[in-house]
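Work through the following exercises with the sequence and the model at hand. Each task is followed by a solution in steps.

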Amino acid sequence: MKLLIKLFRDIKQSAGQFMAFVLVVAVGAFFYAGLVTLSDNLSAYTKGYFKEHNLSDLNVYYSQISKQDVAGFSEIKGINKIEGRYTFDAAQSFGEDKATLQIHSIPANNEINTPAIIEGSIPSIQGEILLDSHYAKEHQYRVGDPIPVSANGRDFTFTISGLGENVEHTKKNEIQDHKTYGVAYIAEESLTEILDVSSYNEIMIDAQEGYDIDSLGKSIEEQSKQLPYLSQVSKERTFSYAQIKATIHNNGLMSKVIPFVLFLIEAIILFLAMSRIIDSQRNQVGIMKALGVHNRSIMLHYMGYPVLVSIIGSILGFVIAEFVFVPLVTASNAKAYSLPGIQFTLSWLSIIPPILFSSVFGMLSCYLSGRALLKERAAQAMRPKPPKKTKKLFIERVPGIWSAISYSYKLILRNIFLNKQKALASSVGVAVSTVLIITAFGTQTSLQKVADQVEDVYTYDLRVDYKIGASSDTAEVPSGIKNRYSLSTFPVEFIHEDEKENATLVVTEKENNLIHFFDDKENRIALADNGVLVPQSYADNYRIREGDTIQLKFTSPELKNKTVDMKVLKITTQYSNPSFYVTPDYLESFGLEYSPTSLVVEANSSTDLISVRSFFEQDQYVDTISDKNYLKKTAQYILKQNSFIFIMFIVSAVVLSFGAIYTISSINIYERNRELATLKVLGYQKYKINRLIFTENLILTAFAVIAALPISGYVYSFVVQALSSTHQQIPDKLNIFVLAVSVSLAFMLTILSSLLLRRKVTKINMIESLKSVE
């Protein structure tokens, strides 16, 4: 009981040091609880959401297909359920603003891609429409309101029967723009009124569990020979599903990498600090031994300190995550995806790993530091360690230099070089903190670079994507265009030995100067007719080099699932949506037909751009149009969606750094109480003593920063590599600005901790400190 009282008394006497320890642990617990919650909750929710609303495994598109033909497909092996529907685009105008509604018909007994109703009901009669809730919120629509739309050259007015979201549209587009793009559902009876059709142009397939989708796709294509078949897309290839799976994958990586790095740094700080604390309480250990306290009880007493720090710090980090991380994640997720009813709730189990990890390292440091001291006899432990033999420093041997140094700096240099282990421990703590700051700022800068590259790569004014079945080769183009180039995108499977991975192959002319490619040194790369441009992310993951041969399999059934071997022309840095690029001539050399589906254009002037855009907007074969503003929004969206985690990472790095520097500096002052008291007795002014400590801390920080700079490059590369994947490349180059800001911040934190510790120096009791040896 008395040892417990002593523990709390020690904490009270060094409350600032204890709180610094708590903050160090809280940072690790904060990130661990938050990121694990984000990853686990999002993964569990989407898995249940996709299953509950039966996301289709395969969507097949036709110019037109009858209900009888759809029913005939149900006998194909591997199909569990099949439903037909008609999908078309409608337009809405809001003054000068325009919006597009993608409208789907709902089958009578809908069991695939069923909508999640938020308010109202599913449309059951002609003239009713189910509107997606985000689009309705943007335009202030409510259940029962009329909604005018234009389709097929005619104007119609529907009545909103309900608001909802659908599992197939969890992400609508790159920037999740609900204002200009929405989704709606109507009863089949309404099709005859709008389009004068009673057939379908799309079928949704729910495959039998475990059945191969590629084989199923081939069977459907084979049976569609007599039908106006267009194409098919598997679930994994849909934009919405692929995006959310990529997010879950990246979040899973972050939930492992970032907490691991923070826990590792936290462990180093705890280990260094606890070792110094026990060493500084050598006299108290001797007194406890003299009073008959068992060695095991003394050891457990000191181990109680890091355990208490771990418990309080982990609880604090958990609570902060609940009130800071969870609301930010909830808001960010709501902007990124349409997932009705998703909630992010912290599990109390997430508090256990930080407690265990911190406690184990704290207790280990206590054991390793205290076992040698506990072996000593009580009288020996009560005495201070005998002073080390003083030797002349190297600088003292240089004639004329030592005598020119002031007395204060002589004290500083002697203290540093005569206590190399303590100085090294202090420097290691500061170095580790500096590495963390550099890594945090470097990662945020890399994220900015990812966003900036979008505008550097794509320099066209407009990108026009045509509907399925239409080709940009035969499409009409208006006047006022300076440059135009066609392109086509193919879903492929990258094959490397026994590994397979979904990828995208883009085909465009080698003369296309509206899409730029860069190598790792930011030099321009050109397309050629004798090879493929490979993304750096794939090259890094599979160790691909220029001149190698890679294998790609075309997964579209219309391309007969052909597998080709392509020569690697160059490796390109593609931070967002990395794709393989070839020319039409190189594609056709494999016996594959090139049918462009998109067009990128550059207008003569801003005036011409208006008329060019207007022309494409009126083209019935055009599916979507994107421009430079959209690219800028996409880049900023990428930055905003991820920046809050890295901003918190930077803040946490600063807190960790301050905690480490403050703690180690505080221990340094405690260990030097007698020395500082002697200086005060000899008439050394307070400001000179403070300056002495301040200068020494700055020198140690300078040494630590010099050591941290090369180490930070390796740590930063490790973090970037861990967060990168084949579908996401993060630049791994630190720039001078990041290093300068990080180093400056390390010195600022040292200065701040020195200022806060001035009070500790002032409170040194001269008589008590000088008589402590007696």
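**Exercise 1. A helix and a sheet**

Which strands does helix H6 lie across, and at about what angle does the helix run to S1?

Solution. The model used here is a predicted one.

Step 1. Find helix H6 at residues 213–223. The strands that H6 lies across are S1, S2, S10 and S11.

Step 2. Compare directions: H6 runs at about 10 degrees to S1.

Step 3. Put the strands in order. They form an open sheet, arranged S2-S10-S1-S11, with antiparallel pairing. Strand S2 (79–85) and strand S11 (229–234) are at the edges with a single partner strand each, so one side of each has no neighbour in the sheet. On average, neighbouring strands of this sheet are turned by 20 degrees against each other, direction ignored.

Step 4. Look at one pair within the sheet. Five bridges link strand S1 (residues 58–65) and strand S10 (residues 200–207) in the antiparallel sense. Opposite Val60 stands Ile203 in S10.

**Exercise 2. An enclosed strand**

Determine how many residues of strand S21 are buried, and name two strands joined to S21 by bridges.

Solution.

Step 1. Locate S21 at residues 598–603. Six of its six residues are buried, so the strand is largely enclosed by the rest of the structure.

Step 2. Separate the two faces. In a regular strand, side chains alternate between the two faces of the sheet. In S21, one side holds Ser598, Val600 and Glu602, the other Leu599, Val601 and Ala603, and all are buried.

Step 3. Identify the partners. Strand S12 (residues 462–466) is joined to S21 by four bridges, and the two run antiparallel. Here Asp465 stands opposite Ser598. Strand S13 (residues 481–496) is joined to S21 by six bridges, again antiparallel. Leu599 in S21 is the bridge partner of Ser486.

**Exercise 3. A parallel pair**

Describe how the residues of strand S17 point, and state whether S17 pairs with S19 in the parallel or the antiparallel sense.

Solution.

Step 1. Strand S17 covers residues 532–535. Val532 and Val534 point one way, Leu533 and Pro535 point the other way, and all are buried.

Step 2. S17 pairs with strand S19 (residues 563–572) in the parallel sense, over four bridges. Pro535 has Thr572 in S19 as its bridge partner.

**Exercise 4. Helix H7 and two other helices**

Find the angle and the handedness with which helix H7 meets H2, then do the same for H9.

Solution.

Step 1. Take helix H2 (residues 15–52) and helix H7 (residues 239–280). Their axes come within 9 Å and cross at roughly 160 degrees. An angle over 145 degrees counts as roughly antiparallel, and H2 and H7 are therefore roughly antiparallel to each other. H2 passes H7 in a left-handed crossing.

Step 2. Turn to helix H9 (residues 295–336). H7 and H9 pack at an angle of about 145 degrees, and their axes are 11 Å apart. This crossing of H7 and H9 is right-handed.

Step 3. List the side that each helix brings to the contact. From H7 come Met274, Ile277 and Ile278, and these meet Tyr302, Tyr305 and Pro306 in H9.

Step 4. Compare with the record. An unreviewed UniProt entry annotates residues 257–368 and 647–765 as "domain: ABC3 transporter permease C-terminal". Over residues 257–368 the chain is 82% helix and 0% strand, with the end C-alpha atoms 28 Å apart.

**Exercise 5. Two positive phi values**

Are Asn113 and Glu522, respectively, buried or exposed?

Solution.

Step 1. Asn113 is in the loop between strand S4 (97–106) and strand S5 (115–120). Its phi is near 55 degrees, a positive value in a residue other than glycine.

Step 2. The relative accessible area of Asn113 is 3%. Buried means under 20%, so Asn113 is buried.

Step 3. Glu522 is in the loop between strand S15 (517–518) and strand S16 (524–525). The phi of Glu522 is near 65 degrees, again positive in a residue other than glycine.

Step 4. The relative accessible area of Glu522 is 52%. Exposed means over 50%, so Glu522 is exposed.

**Exercise 6. The surroundings of Glu193**

Which residues are in contact with Glu193, leaving aside its neighbours within four places in sequence?

Solution.

Step 1. Glu193 lies in helix H5 (residues 189–194) and is partly exposed, with a relative accessible area of 32%.

Step 2. Beyond those neighbours, Glu193 is in contact with Gln126, Arg154 and Phe156.

How values were computed: Residues are numbered from 1 along each chain as its sequence is written. This is a predicted model: local features need pLDDT of at least 70, side-chain atom pairs count only at pLDDT 80 or more; totals for chains, interfaces and linings use all residues. Side-chain values use heavy atoms; hydrogens and water are left out. Buried means under 20% relative accessible area, exposed over 50%, partly exposed in between (1.4 Å probe, protein chains only). Contact means heavy atoms within 4.5 Å. UniProt positions are given in the numbering used here, feature names are shortened, and annotations may be inferred rather than shown by experiment. Two strands pair if DSSP finds at least two bridges between them. Axes are lines fitted to C-alpha atoms, for helices over the stretch in contact, and angles run from 0 to 180 degrees between N-to-C directions. Angles under 35 degrees count as roughly parallel, over 145 as roughly antiparallel, 65 to 115 as roughly perpendicular and the rest as oblique. A crossing is left-handed if the near helix is turned anticlockwise from the far one by less than a right angle, and right-handed if clockwise.
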